[in-house]
Structure formats: structure tokens, C-alpha cells
Amino acid sequence: MRTATYFFIFLNLSLAVFEEPAVYPLPFLVTSLVEVLCLLVFFGRLTHFAKVTLRNVFWKDTKNICIMVAILLSLTDLAIYGVLRIYNVRSIRWSRIVRPIFLINFAESRQIRRAFRSIRNTLPEITYVFLLFMFSLLMFSLMALKLFGERNLQTAEGLPYFKNYLEIVFDLYVLVTTANSPDVMMPAFDFSSWYALFFIAFVIVNTYIFMSLFLAVVYNNYKKHLKVMFGGVNCD
């Protein structure tokens, strides 16, 4: 039963590769039949679990409620999408986002739920570091606007360089990953080599300090929650 459940969960999740817009598109009838088959298996597994569980215990378990709601939402979305497709009305399969619920909430996925719970408990504790990082990013973007916005600089494509504040925020956010380095600094560097100091300071503060701090906070808090969950030992 566990192997079959994991197989159909994987099959249900992999439909995203074949549904429009798809990497390897298949006819709608094929993907819809496969999805209905998966949902029937999930419903059968849930029914089997209800037969061997006390009724009050079954209905108090939020995991079972989540699975039933996910099945209903998926069937409803599939029916609506099919009807709209008949009338050539373009629509979106919004129920795809509920498919991971099957992976998390079945009884066989205890370890996945524990990992998910640890991630959920970790998120509030890393919020402060994330807010500090965003504040630093916004301040550096404001400085870049003041430094380069009035220089009438242009990118290699002939576009205005660092004229729009939101575009600056995005470019500097990408620079944190160094994905657009050194291209993002070349117009300013060509104007004056001293402007390279601004980007060096930005990379040191945000990439090397904040990203390392962010990773350390995430790792330590996630490890703490895992220890509390598995061994009842608090790292603090």
C-alpha cells in the first residue's frame, strides 16, 4: 500500500510536465484520465484508512480533511477546465498547487511532515534577518539611484542605466547571487573606475555577510527544531 501510494503521488505530481503549458505536451484527455485515476486511488486509500480507524479519530485528523478537500478541489477544477476547453475558453489549472498536499498528508509521509513542520517553525525565526537584508538592499538601491540616476548612463543595450528604483532593486538583488556580475556595474565602471567601490561594498555586505548570516540562522534553527521533534532535546 505504501509503495502504491507513493507511486500515484509521484504520477500525480509529474502531470505538470505533460499538462499545458508543458515540456512534453500530451492530449488533455490523457492527462485528465491519469489525474482522475490518481484521485480515485487517493480516495480509496482514504476510505481504507477510515475503515480501520475510529470515526471520531478519523474526522479529528486534519490530514484526512486536507486530503478530502484537495480531492474535491482537484475534481472541481478539472471539471471546470474541461467545460471551458470545450467552449475554447482559455483558463488555468489552479488546483495544481494543492497536489503536494497528497505528498505531505498521507500517513506514510510521516518523515516528510516532520521536515515540513521544521521548515514552517523555522520561517518566523529567520524573518528578522530577512528584513535586515531587505533593508540593506533597499538602502543600497537608493544610493545607486542617487549616484548613477543623474549621470545619463546607458547599458550595453542602449537602455537607461539605474533610472528606475524598482529596476535597481531587482538588479542589485540579482547581484547578490553574482549572476549579473560584472555586467551590472560596467556602465558605471566605464564612467569612473571609482564607482566599482560601491559594488564591492554591496557584494561584501549583502553577499558575503548577510547571505552567510542568513544561512547560519536557517541551519541552526532548522537543526534545533529537528532535535526537539525527534529527540525531545533543545539545542538551547
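Reader: Where does Trp194 lie?
Author: In this predicted model, Trp194 lies in the loop between helix H8 (186-191) and helix H9 (196-231).

Reader: Buried or exposed?
Author: Trp194 counts as exposed, because its relative accessibility is 66% and the cut-off for exposed is over 50%.

Reader: Which residues make a nonpolar surface patch with Trp194?
Author: Trp194 shares the patch with Leu197, Ile200, Ile204, Tyr208 and Ile209. The patch covers about 700 Å².

Reader: And Leu226, where is that one?
Author: Leu226 lies in helix H9. With a relative accessible area of 23%, Leu226 is partly exposed. The C-alpha atoms of Leu226 and Ile119 are separated by 9.4 Å, and the two residues are 107 apart along the chain.

Reader: Switching to salt bridges. How many in the whole structure?
Author: A search of the whole structure finds nine.

Reader: Which residue does Arg85 pair with?
Author: The side chain of Arg85 meets that of Glu20 in a salt bridge, at 3.5 Å from N to O. Arg85 is in helix H4 and Glu20 is in the loop between H1 and H2, so the pair ties together parts that are 65 residues apart in sequence.

Reader: How exposed are those two?
Author: Arg85 is partly exposed, with a relative accessible area of 37%. Glu20 is partly exposed too, with 43%.

Reader: What about Arg99, what does that one bridge to?
Author: Arg99 forms a salt bridge with Glu35, and the closest N and O atoms are 3.4 Å apart. This pair links distant parts of the chain, 64 residues apart: Arg99 is in the loop between H4 and helix H5 (100-105), and Glu35 is in helix H2. Both Arg99 and Glu35 are buried.

Reader: And Asp77, which partner there?
Author: Asp77 forms a salt bridge with Arg93, with the closest N and O atoms 2.7 Å apart. Asp77 lies in helix H4 and Arg93 in the loop between H4 and H5, so parts that are 16 residues apart in sequence are tied together. Asp77 and Arg93 are both buried.

Reader: Which residues are linked in a network of salt bridges?
Author: The network links Glu19, Glu35, Asp77, Arg93, Arg96 and Arg99.

Reader: OK, pockets. What's the volume of the largest one?
Author: The largest pocket has a volume of about 350 Å³. It has 18 lining residues, and the closest to its centre are Thr155, Glu157, Tyr161, Asp171 and Val184. Helix H7 (165-176) and H8 are the elements that give two or more residues to the lining.

Reader: How do the lining residues divide by class?
Author: Nine are nonpolar, three are polar and six are charged.

Reader: And the second largest pocket, what lines it?
Author: The lining includes Glu20 and Arg85 from the salt bridge we talked about. Arg93 and Arg96 line the second largest pocket as well, and both belong to the salt-bridge network. Also in the lining are Pro21, Tyr81, Asn88, Val89, Arg90, Ser91 and Ile92. The space in this pocket is about 200 Å³, and its lining divides into four nonpolar, two polar and five charged residues.

Reader: What sort of peptide bond joins Glu20 and Pro21, cis or trans?
Author: That bond is cis, with omega about -10 degrees. Pro21 is found in the loop between helix H1 (2-14) and H2. The peptide bond from Ser181 to Pro182 is also cis, with omega near 0 degrees, and Pro182 sits in the loop between H7 and H8.

Reader: What's phi for Thr178?
Author: Phi of Thr178 is near 65 degrees, a positive value in a residue other than glycine. Thr178 is in the loop between H7 and H8 and is partly exposed, at 42% relative accessible area. Asn152 has a positive phi too, of about 55 degrees. Asn152 is in the loop between helix H6 (110-148) and H7 and counts as exposed at 61% relative accessibility.

Reader: Last one: how many cavities of 30 Å³ or more?
Author: The search finds one, with about 70 Å³ of space. Helix H2 (28-51) and helix H4 (62-86) each supply at least two residues of its lining. Among the lining residues are Arg45, Phe49, Lys63 and Phe106.

How values were computed. Residues are numbered from 1 along each chain as its sequence is written. This is a predicted model: local features need pLDDT of at least 70, side-chain atom pairs count only at pLDDT 80 or more; totals for chains, interfaces and linings use all residues. Side-chain values use heavy atoms; hydrogens and water are left out. Patches are made of residues with over 30% relative accessible area and no salt bridge: like charges are joined within 9 Å, nonpolar side chains (Val, Leu, Ile, Met, Phe, Trp, Tyr) within 5 Å. Accessible areas come from the Shrake-Rupley method with a 1.4 Å probe; for residues, only the protein chains shown count as cover. A salt bridge is a side-chain nitrogen of Lys or Arg within 4 Å of a carboxyl oxygen of Asp or Glu. Helices (H or I, at least four residues) and strands (E, at least two) are DSSP runs, numbered from the N terminus. Buried means under 20% relative accessible area, exposed over 50%, partly exposed in between (1.4 Å probe, protein chains only). On a 1 Å grid over the protein atoms alone, a cavity is a set of points where a 1.4 Å probe fits but cannot get out, and a pocket is an open set with protein on both sides within 12 Å along at least five of seven lines; lining residues have an atom within 4 Å of a point. Grid points are joined across faces, edges and corners, and a volume is the space filled by probe spheres set on the points. Ala, Val, Leu, Ile, Met, Phe, Trp, Tyr, Cys and Pro count as nonpolar, Asp, Glu, Lys and Arg as charged, and the others, Gly among them, as polar.
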